[in-house]
Amino acid sequence: MKNIYAFAVALSCCGASLMAQTETTDTVAATQQLKEVVIEAPKVVRKADMDVYHPSQSALEASKNGMQLLNNLMIPSLTVNDALGTIQAAGESVQVRINGRESSIDQVRALLPESIKRVEWMDNPGLRYGGANYVLNFIVANPTLGGSLQLRAQPALNEAWGYYMADVKINSGRSQWSAGLHYKMTENLKTHRDYTETFTYPDGSVLRRDETSRGGHLDNSFMRPYVSYSYVKPDTTVFMAEINTFHKFSDKFLYNGLLSLSNDADDILLTDSHGDKGTTPYLSLYLQQHFANKQMLVVDFNSSLYFGRSYSDYMEQLPGATGYLTDIHTNIKDRNQAYGIEADYIKNWDKSRLTAGASYKANRNRSRYENLGGAIFHQRQDRVYFFAEYLQRFGKWTATAGIGAQYTDFYFKESSRGNHSWSARPQATVTYSLNQNHNFRLNFTSWQSTPSLAETNPVPQQLDGFQWRIGNTNIRTANSYMLTFRYGFNLPRVNGSFGIRAFTSPNAITPLLQWMDDRLVTTYENSRGLQNLSFFLYPQIEVLPGWVTLSGGVQYRMERMRGTGYDHHNNAWSGNVNLQVTHWGFILSGMYVRAQHDLWGEKISWGENISMIDLAYNWKNWQFSAGMIMPFGRYDQGSRSLSKWNTNEQHMRLDMRMPYISVSYNVQWGRQKRGVNKLVNADAKTDASTAGGR
């Protein structure tokens, strides 16, 4: 009997091994249990152009949506905050994709954890990713169920803050219908601002202003309803049509303060308020067609409209007075359009791949300045991009090389002014894989940054009593170049990466402060460039396998920024730490982030220093959790100006110590098709005006 049992187990193991060898890389299972034998794939597979993470069974069971699963994977270099809906790496934004299609955080939240086969992490994305610094790609499998319903409610207990979602998918034959709604609420969140500034006039005289906070509040509420239809004929044709609308109810910052001046003038009461609101409907059409000999053509069309307004109100008043010393109101009403189309051709061979594509994006912006008697200004922006990229494998070596070319054109109707430029975008990567557990990668990449509507808008905007902002129609598209060396390692109970990154942007678009008569004006220029050097280490440690996992990282950056009349330096470190404890169906998570301090122009800015703790419990189709944002430490986000004309430091403080509860429900039924996801995404995001603000 024992011999029969041993023979059955051995036969099962052999069968599983043969199945694993015949499957493609898209169907590798993270964990396969055969009675008393468990076969586990490596937690991270290091490839030439990405790191691949396979969800474990315990991570799947502990998750009710895609964001929770990503958090449970604990990728060391990522900071995932499901409660706030953010994904960052080294303090920078991460481009999120689902099966290659550029997606949103809301769309990741709507993913079924059981449908996610693997997550691809790219810190050196290729040319077709449009200059993204980081790309996170979810590879989603065909579920075996015919429908799903996801519900989630996450309110705070002491503030008018919360996140709510509902998503349903229905299938019929090769067709799938999907509909949902995401709603995020932030109303009257208490905020404070610490602000100190020193003005130096051209004649050498100095004026210091200290602002004492008298309270304020923040509003930031929006919703996104969506419907989509898809048709899938496997390995032949994919078609998708989607309509969604992003409606921003309010994005408002209001500060009240008391200004004390160094020239012995009376103290001044100030009110500084700015924000925007509006609606942006989107239309997306997508076609993917496969051909013989491993060829594919992908075409994507996107369009969007923006109807909204931005405003800024700044008032200074002596205590007890009825009139105002300064009374500034800027109101801009936008009606902007964007259209984008992209076509890519992909050809695969056994050890190589060719990708080539072209895209076109058009922006048509119309801004009405109601504070200027209804004056209307038009801006036209066109961008054309071509690229080709080739990958080749040579044993343990892999090489990728490509070139892109971008043409950008701006035109302002009212002033008959504009400019145009051509820019090249070379990129190359060499990877050496010693074995599955150790690889070395050297990557060179480049990209272009086009000026925004606010940076090129020539309409003068008053910020306070004597500060103004005026866009520059003559600034050109900026170039950026980055060289990264990275070593990736898998050791017993420890995996991660170590590396060095060098970056330069020789003609970066940056603000420039200048005195014009009695006005201190902020305009924009192509600077003399930014250079920085970063060292980073991102490990993941299984402290107690299956129970306690620790991940995070640390980065140290040295920077130099030069522009008209200045040469600044900045050295700073940043990092994050994530802890997860799982047992008996409970998941205890904790995180802390120290934001990177970045030098840009004559300003050092830092994002959110934030902490969080969460305890969740799974029961059947439900997940219940409770947590707190900022359980320790003090929320801080701010900047410091280094200009010789205006030296200032600003700290934004929020009452973010918020306990919350979260309830998630996830049920599936029938036979379901996979949700369609694009391999490319044509950019059609509308631009928007920015009203002045200190």
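Helices are DSSP runs of H or I with at least four residues, strands are DSSP runs of E with at least two, and both are numbered from the N terminus. With that in hand, N363 can be placed in strand β21, residues 352-369.

Before going on, some ground rules. This is a predicted model, in which local features need pLDDT of at least 70, side-chain atom pairs count only at pLDDT 80 or more, and totals for chains, interfaces and linings use all residues. Residues are numbered from 1 along each chain as its sequence is written, and side-chain values use heavy atoms, with hydrogens and water left out.

First, the chain as a whole. It contains 41 strands and 5 helices. Of its 694 residues, 51% are buried, where buried means under 20% relative accessible area, exposed means over 50%, and partly exposed is in between, with a 1.4 Å probe and protein chains only. The accessible surface of the chain is about 30600 Å², and carbon and sulfur atoms hold 59% of that. Those areas come from the Shrake-Rupley method with a 1.4 Å probe; for residues, only the protein chains shown count as cover. A contact here means heavy atoms within 4.5 Å. Among contacts in the chain with a separation of 6 or more, 65% are between residues 24 or more positions apart.

Back to N363. Is it buried or exposed? N363 has 4% relative accessibility, so it counts as buried. Its C-alpha atom is 9.9 Å from that of L305, and the two residues are 58 apart along the chain.

S303 is in strand β19, residues 295-317. It is buried as well, with a relative accessible area of 13%. The C-alpha atoms of S303 and A338 are separated by 5.6 Å, with their positions 35 residues apart along the chain.

N439 belongs to strand β25, residues 438-449. Its relative accessible area is 0%, which means that N439 is buried. What does N439 touch, once neighbours within four places in sequence are set aside? The contacts of N439 are R46, K47, T431, Y432, S433, L434, R486, Y487 and G488.

P202 sits in the loop between β15 (189-200) and β16 (206-233). It has a relative accessible area of 57%, so P202 is exposed. Beyond its neighbours within four places in sequence, P202 is in contact with W515 and W645. M516 is 314 residues from P202 along the chain, and their C-alpha atoms are 9.9 Å apart.

Next, the rings. The structure has 19 aromatic pairs. Rings of Phe, Tyr and Trp (its six-membered ring) pair if their centres lie within 6.5 Å; planes under 30 degrees apart count as stacked, over 60 as edge-to-face and the rest as tilted. W121 and Y134 are stacked because their ring planes are at 5°, with the centres 5.5 Å apart. That pair links distant parts of the chain, 13 residues apart: W121 is in strand β10 (residues 116-122), and Y134 is in the loop between β10 and β11 (135-140). Both W121 and Y134 are buried. Elsewhere, Y164, Y183 and F249 form a cluster through ring pairs.

Some rings have a charge over them, meaning that NZ of Lys or CZ of Arg is within 6 Å of the ring centre and within 35 degrees of the ring normal. R193 has its charged end over the ring of Y255, 4.4 Å from the centre. R519 does this with W468, at 3.9 Å from the ring centre.

Now the backbone. Most residues other than glycine have a negative phi, and most peptide bonds are trans. R493 has a positive phi, near 70°. It is in the loop between β28 (478-491) and β29 (494-505), and it is partly exposed, with a relative accessible area of 45%. W584 also has a positive phi, near 55°. W584 is in the loop between β34 and β35, and at 69% relative accessibility it counts as exposed.

Last, the empty space. A cavity is a set of points, on a 1 Å grid over the protein atoms alone, where a 1.4 Å probe fits but cannot get out; lining residues have an atom within 4 Å of a point. Grid points are joined across faces, edges and corners, and a volume is the space filled by probe spheres set on the points. How many cavities of 30 Å³ or more are there in the whole structure? The search finds 7. The second largest cavity has a volume of about 420 Å³. It is lined by 30 residues, and those closest to its centre are N71, N72, D82, S589 and D614. Elements giving two or more residues to that lining include α3 (66-73), β5 (78-81) and β12 (146-155).

Methods
On a 1 Å grid over the protein atoms alone, a cavity is a set of points where a 1.4 Å probe fits but cannot get out, and a pocket is an open set with protein on both sides within 12 Å along at least five of seven lines; lining residues have an atom within 4 Å of a point.
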